Amino acid sequence: MPIKYNITKYDVLVGEIHRLVQKYNTHHAYRADVKPDGEPVELTERESQLKAIAVIIASFSSGHSWQTHKCMQSEGQLDTPEVKEEYLQAEQSRWKGINLNDVEELASTPISDQAFYRWLFYNVGKGKQKLYKEAWIRLKAEFDSSCDELEQSKN
């Protein structure tokens, strides 16, 4: 008898992120935008948004960014050096290690738009803020949609 797996939309999202990591072979790169051989990585618009989603997940999940996670839950100070450092680490490498548990944790954690935009203002450079806003909107839509809607759209 074959083994059956239930694949959720979160599994699909994590799989897309892991394929992005593998595509550019950034496992050993010091910076996320540079391949191990030193060549710059050119991301498509879709890939850039996918990476931004992964950075948001890594920035807000307790397994990758404990200080930020606590601040987001309690509406605490988001302009601290610790939160900034966690964002920088998430952008450089932690985004590559997110897993299904991180996505599910973020999906079940109530984060207000106000808290997200404060985090964005204090920690993300102006040149990347539009990308992160769009990624946040897409991620929230993903969390708000049901699995049935996903299945119906494929039929």
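These are my notebook entries on the aromatic ring pairs in this structure, which is a predicted model.

**Entry: ring pairs overall.** I looked up how many aromatic pairs the structure holds, and the count came to eleven. I then went through two of the pairs one by one.

**Entry: Tyr10 and Phe143.** For this pair I read a distance of 5.7 Å between the ring centres and an angle of 80 degrees between the planes; since an angle over 60 degrees counts as edge-to-face, I entered the pair of Tyr10 and Phe143 as edge-to-face. I next checked where the two residues sit, and found that the pair links distant parts of the chain, with Tyr10 in helix 1 (residues 9–23) and Phe143 in helix 7 (residues 126–144), 133 residues apart. For accessibility I noted a relative accessible area of 14% for Tyr10, which is buried, and of 17% for Phe143, which is buried as well.

**Entry: Phe60 and Trp119.** Here the centres lie 4.8 Å apart and the planes are at 75 degrees, and this aromatic pair too is edge-to-face. I traced Phe60 to helix 2 (residues 45–60) and Trp119 to helix 6 (residues 113–123), so that I could record another link between distant parts of the chain, with 59 residues separating the two. Phe60 is buried at a relative accessible area of 2%, and Trp119 counts as buried at 0% relative accessibility.

**Entry: the cluster.** Which residues do ring pairs link into a cluster? I listed Phe60, Tyr87, Phe116, Tyr117, Trp119, Tyr132 and Trp136, and I marked Phe60 and Trp119 in that list as the residues of the preceding entry.

Key: Residues numbered from 1 in each chain as written. Predicted model: local features only at pLDDT ≥ 70, side-chain atom pairs only at ≥ 80, totals over all residues. Heavy atoms only, no water. Phe/Tyr/Trp six-rings, centres within 6.5 Å; stacked < 30°, edge-to-face > 60°. Helix = DSSP H or I, 4+ residues; strand = E, 2+ residues; numbered from the N terminus. Buried < 20%, exposed > 50% of the residue type's maximum accessible area, 1.4 Å probe, protein only.
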